[in-house]
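Here are my notes from going through the model you sent over. I've put them as numbered points so you can follow along on screen.

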Amino acid sequence: MKSWLALYKYRGNEELAPLLGAMLQPAFEELSLSLGATMKRGSIAACWDAITYVPVSSARAEERGFNQAEQLASYLASRYHLPLLPLLSRERHTGKQSFKSRSERISDMKKLFRAELSSISKLEQIYGSVADTFSRTHARIILVDDIYTTGSTAEACAEELIASSSVPLEVFVLTWARS
C-alpha cells in the first residue's frame, strides 16, 4: 500500500485513482450498512447527504497537479450517485505531515481549514429536502482522505464543518490507508 500511495500521490500516477477508489468501496458499504442501509439499489446513497474531501493547499495542488483525496471522493460520489461538495478550503500551506511528529501535526492543524459557506449552504439544502423522508436528525457526510496517521487532519476538518453548519452534522471519515 505504501508503494501504491507513493506512486499515486508523489509520482503523479493518476491512473491508479479508480483502483484506489474501488478499494474504498467495501469499507464505505460496511459503514453505510452499520448506519441502517441495505444493499438495495439506492439504499446506501440514502444514508448520506454528501461526500467531501480534505483539501490540499494551492502550492501542493500545483506541485502534484491534483488532490488525491478529491479524486478518491469523486470516485465514491460517482459510484453511489452522491453529491460531491468542496466543503472546506485550506487556509495556508504546511510542510508534509509525514515528516512531522504527532504534536507538530496537531499544532499545524489549528485553524488550517475554513468552511466553504456556499457549499455548506448546498449541504443544508440537501439535508432539508431529505431529513423527513429518511427520519434523520443530522446531516451526514463522508470526509475522504488518503491516509490516516494521527487523526489530527480529520479532527480539524470535522470541527470546522460542525462549527460552520446551521444544521446538526455528523462527519464520518473514510481513508484509504492507516499509517
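**Notes on the predicted model**

1. Let's begin with the inside. In this predicted model, the largest nonpolar core is made of 28 residues, and those with the most contacts inside it are Y8, F28, W48, I51, L76, I142 and V144. At least two residues each come from helix 1, helix 2 (17–34), strand 1, helix 5 (68–80), strand 4 and strand 5. Helix 5 gives the largest share, with six residues.

2. F28 is a handy place to centre your view. If you skip its neighbours within four places in sequence, F28 is in contact with I44, W48, L76, Y80, L82, I142 and L174. There is also another core, set apart from the largest one, with 22 residues; F113, A156, A158 and L169 are among them.

3. Now the sheet. Three strands make up an open sheet in the order 1-4-5, and the pairing is parallel. Strand 1 (50–53) and strand 5 (169–178) are the edge strands, each pairing on one side only. From one strand to the next, the twist averages 25°.

4. How many bridges join strand 1 to strand 4? There are four, and strand 4 covers residues 139–148. If you want a spot to check the register, look at Y53, which stands opposite V144 in strand 4.

5. Two helices are worth turning on next to the sheet. Helix 1 (residues 2–10) packs on it and touches strand 4 and strand 5, with its direction at about 105° to that of strand 4. Helix 8 (residues 152–164) lies across strand 1, strand 4 and strand 5, and runs at about 160° to strand 5.

6. On to charges. Side chains of opposite charge can pair when their charged atoms come close. The structure holds four salt bridges. One of them joins E170 and R140, at 3.0 Å from N to O. This pair links distant parts of the chain, since E170 sits in strand 5 and R140 in strand 4, 30 residues apart. Is R140 buried or exposed? R140 counts as buried because its relative accessibility is 12%, under the 20% cut-off. E170, at 27%, counts as partly exposed.

7. E91 and R114 meet through their side chains in another salt bridge, 2.7 Å from N to O. Again the pair ties together distant parts of the chain: E91 is in the loop between strand 2 (88–90) and helix 6 (102–109), while R114 is in strand 3 (residues 113–115), 23 residues away. Both count as partly exposed, with relative accessibility of 44% for E91 and 40% for R114. E116 joins these two in a network of salt bridges.

8. A more local case is E63 with R60, a salt bridge whose closest N and O atoms are 3.1 Å apart. Both residues lie in helix 4 (residues 58–64), three residues apart, which is about one turn of the helix. R60 is buried, with a relative accessible area of 10%.

9. Last one: R79, which is found in helix 5. Leaving out residues up to four places away in sequence, R79 touches Q25 and E29. Why does R79 count as partly exposed? Its relative accessibility is 41%, and partly exposed covers the range between under 20% and over 50%. As for R11, R79 is 68 residues from it in sequence and 26 Å from it in space, C-alpha to C-alpha.

Key: Residues are numbered from 1 along each chain as its sequence is written. This is a predicted model: local features need pLDDT of at least 70, side-chain atom pairs count only at pLDDT 80 or more; totals for chains, interfaces and linings use all residues. Side-chain values use heavy atoms; hydrogens and water are left out. Two strands pair if DSSP finds at least two bridges between them. Axes are lines fitted to C-alpha atoms, for helices over the stretch in contact, and angles run from 0 to 180 degrees between N-to-C directions. Contact means heavy atoms within 4.5 Å. A nonpolar core is a set of buried Ala, Val, Leu, Ile, Met, Phe, Trp, Tyr and Cys residues joined through side-chain atoms within 4.5 Å. Buried means under 20% relative accessible area, exposed over 50%, partly exposed in between (1.4 Å probe, protein chains only).
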